[in-house]
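Here are some notes for a colleague who is looking at this structure at the bench. They are set out as numbered points, and each can be read alone.

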Amino acid sequence: MRILVTGGAGYIGSITTCVLLDSGHEVLVLDSLERGHRQAVDPRATLIVASVGDREVLDSILPGIDAVLHCAGYIEVAESRRDPDLYYRKNLAEPSMMLDRMTTHGIRNLVFSSTAAVYGQPEQMPITEDAPLAPLNVYGASKLSFERMIDITRSSGLMNAIVLRYFNAAGASPDGALGEDHPNESHIIPLVLRAASAGTPFTLHGDDYPTPDGTCVRDYLHVMDLADAHLRALERLHEGGESLACNLGSGCGYSNREVVRMCEEVTGAAVDVRVGPRRVGDPATLIASNARAKDTLGWHPARDLRTMVEDAWRWHSGHPDGYGDASTAQG
Ligand SMILES: NC(=O)c1ccc[n+]([C@@H]2O[C@H](COP(=O)([O-])OP(=O)(O)OC[C@H]3O[C@@H](n4cnc5c(N)ncnc54)[C@H](O)[C@@H]3O)[C@@H](O)[C@H]2O)c1
């Protein structure tokens with residue numbers, strides 16, 4: 001297949017690009033680099049630096065594309081509260097141009113990076129895809145709005161789409177070459193690893209949640225397992241498989257304190273943990289049911305939390321400043 005990966009200079013998109021190339025597919029990466037890294041793009045891929053909302057660029061690159069993997073987006077919950085317009089523009093308005101041009105050029109297959117944030121705080125654990133869709137923040141609402149836009153295009157018979165709702169992506173490429181480098185990092189594993197190596201304090205956001213140790217429980221999935229699910233989703237659509245939405249998670253929950261302990265074991269450093277206030281709108285527990293992804297994609301998460309932390313630590317140790325381009329990577 002000739003695949004267009006949007007956001008292919010970001011964390012998940014860059015690692016998925018490598019996996020698609022290794023499987024023999026051709027990849028074009030479309031990324032504005034506003035939050036990504038040129039160095040993260042595999043040299044075997046063609047990089048086009050532009051927004052997913054750039055009509056002229058889309059019209060020049062879409063003809064001949066077999067499928068689009070749409071990973072581009074803004075991902076920070078707190079920022080989405082401060083600047084909702086930015087999130088509706090980046091996660092909905094600009095991608096809607098891409099949908100429009102895809103249908104104009106007859107490109108029928110789309111895989112979309114969605115998020116567990118579309119569920120808000122469901123009552124039932126693990127969370128199935130039939131749980132109510134009730135996001136608690138603008139980030140989740142912007143991703144759900146794009147899911148709805150895809151649904152409408154799909155139900156008009158113009159497109160087949162697989163929506164993948166990720167829980168928490170973690171880890172790095174096993175060779176330590178590609179990893180997580182977000183401006184204003186908010187994810188726990190990179191933050192704890194940074195604190196472990198620098199000897200600085202790490203702040204937990206609340207320890208009075210209704211969970212066994214009082215800290216939030218989340219479902220972590222290795223980014224290589226995520227990439228494998230994308231490959232399977234793209235191949236399923238190419239072979240004429242039906243559209244669907246499915247969760248991508250390990251099906252296991254770990255509390256923030258358990259994650260900190262794992263980071264301490266892997267790094268051999270004691271982390272100075274402080275407890276701060278809760279973050280607004282943080283659900284106590286989020287654990288995926290991954291039965292649908294297993295049944296429909298034949299997918300199985302293969303890497304455990306220790307492997308995620310070990311791979312993230314290898315990446316962090318080799319790249320203490322990430323890709324080293326922080327000043328140009330800010331949007
Ligand atoms: N990281 C996670 O744990 C996680 C969890 C759930 C869902 N997701 C979803 O996965 C996707 C990828 O996440 P990530 O962690 O790799 O993020 P990232 O910030 O590392 O990568 C996103 C990439 O998209 C690019 N981009 C953003 N807006 C763009 C636009 N309008 N046009 C072109 N390029 C644009 C950025 O430059 C960046 O390279 C996002 O859509 C996110 O919502 C991520």
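1. Is Asn184 buried or exposed? The model is a predicted one. In it, Asn184 has 9 other C-beta atoms within 10 Å. A residue with 12 or fewer such neighbours is taken as exposed, so Asn184 is exposed. Asn184 sits in the loop between strand 7 and helix 6 (188-198). Its phi is positive, near 55 degrees, and the residue is not a glycine.

2. Leu33 also deserves a look at the backbone. Its phi is positive, about 65 degrees, although Leu33 is not a glycine. Most residues other than glycine have a negative phi. Leu33 belongs to the loop between strand 2 (26-30) and strand 3 (46-48). It has 18 C-beta neighbours inside 10 Å and so counts as partly exposed.

3. One peptide bond should be checked as well. The bond from Met125 to Pro126 is cis, and its omega is near -10 degrees. Most peptide bonds are trans. Pro126 is part of the loop between strand 5 and helix 5.

4. On the overall fold, the protein chain contains 11 helices and 13 strands. A compact globule of 331 residues would have a radius of gyration near 20 Å, and the 19 Å of the protein chain agrees with this. Along the principal axes, the C-alpha atoms fill a box of roughly 55 × 40 × 40 Å. Of the 331 residues, 48% count as buried. Taking contacts between residues at least 6 apart in sequence, 80% join residues at least 24 apart.

5. The ligand is surrounded by 30 residues, and the closest are Gly7, Gly10, Gly36, Gly73 and Ala169. Two or more residues of this shell come from each of helix 1 (11-22), helix 4, strand 5 and strand 7 (168-170). Helix 1 gives the most, with three residues. Sorted by class, the shell around the ligand has 11 nonpolar, 13 polar and six charged residues.

6. Helix 4 covers residues 84-104, which is 21 residues. At 1.5 Å a residue the helix should span 30 Å, and its end C-alpha atoms are 29 Å apart, which agrees. Helix 4 nevertheless has a kink of about 35 degrees, centred on Lys90. Just after the helix, Gly106 takes a positive phi of about 70 degrees.

7. Which residues of helix 4 are buried? They are Tyr87, Lys90, Asn91, Pro95, Met98, Leu99, Arg101 and Met102. Lys90, the centre of the kink, is thus named among the buried residues. The buried residues of helix 4 pack against helix 2 (55-61), strand 4 (67-70), helix 3 (77-82), strand 5 (109-115) and helix 5 (138-155).

8. Met149 is found in helix 5. Leaving aside residues up to four places away in sequence, Met149 touches Ser96 and Leu99. Leu99 is one of the buried residues of helix 4. Met149 is partly exposed, because 16 other C-beta atoms lie within 10 Å. Cys252 is 103 residues from Met149 in sequence, and the two are 31 Å apart in space, C-alpha to C-alpha.

9. Is Asp213 buried or exposed? Asp213 counts as exposed, because it has 11 C-beta neighbours inside 10 Å. Its place is the loop between strand 8 (202-205) and strand 9 (217-218). Residues up to four places away in sequence aside, Asp213 touches Ser255 and Arg257. Glu258 is 45 residues away along the chain, and its C-alpha atom is separated from that of Asp213 by 9.0 Å.

10. Helix 10 has 14 residues, 305-318. The span expected at 1.5 Å a residue is 20 Å; the end C-alpha atoms are 20 Å apart, which agrees. Its buried residues are Leu305, Met308, Val309, Asp311, Ala312, Trp313, Trp315 and His316. Among the elements that cover these residues are strand 7, helix 6, strand 10 (220-222), strand 12 (254-255) and helix 8 (256-267).

Key:
Residues are numbered from 1 along each chain as its sequence is written. This is a predicted model: local features need pLDDT of at least 70, side-chain atom pairs count only at pLDDT 80 or more; totals for chains, interfaces and linings use all residues. Helices (H or I, at least four residues) and strands (E, at least two) are DSSP runs, numbered from the N terminus. The expected span of a helix is 1.5 Å times one less than its number of residues. The bend at a residue is the angle between axes fitted to the seven residues ending there and the seven starting there. A residue is buried if 20 or more other C-beta atoms lie within 10 Å of its own, exposed if 12 or fewer, and partly exposed in between; C-beta atoms are placed from the backbone. Two residues are in contact if their C-beta atoms, placed from the backbone, lie within 7 Å. The radius of gyration is taken over C-alpha atoms; the globule rule is 2.2 Å times the number of residues to the power 0.38. A residue is near a molecule or strand if its C-beta atom, placed from the backbone, lies within 6 Å of it. Ala, Val, Leu, Ile, Met, Phe, Trp, Tyr, Cys and Pro count as nonpolar, Asp, Glu, Lys and Arg as charged, and the others, Gly among them, as polar.
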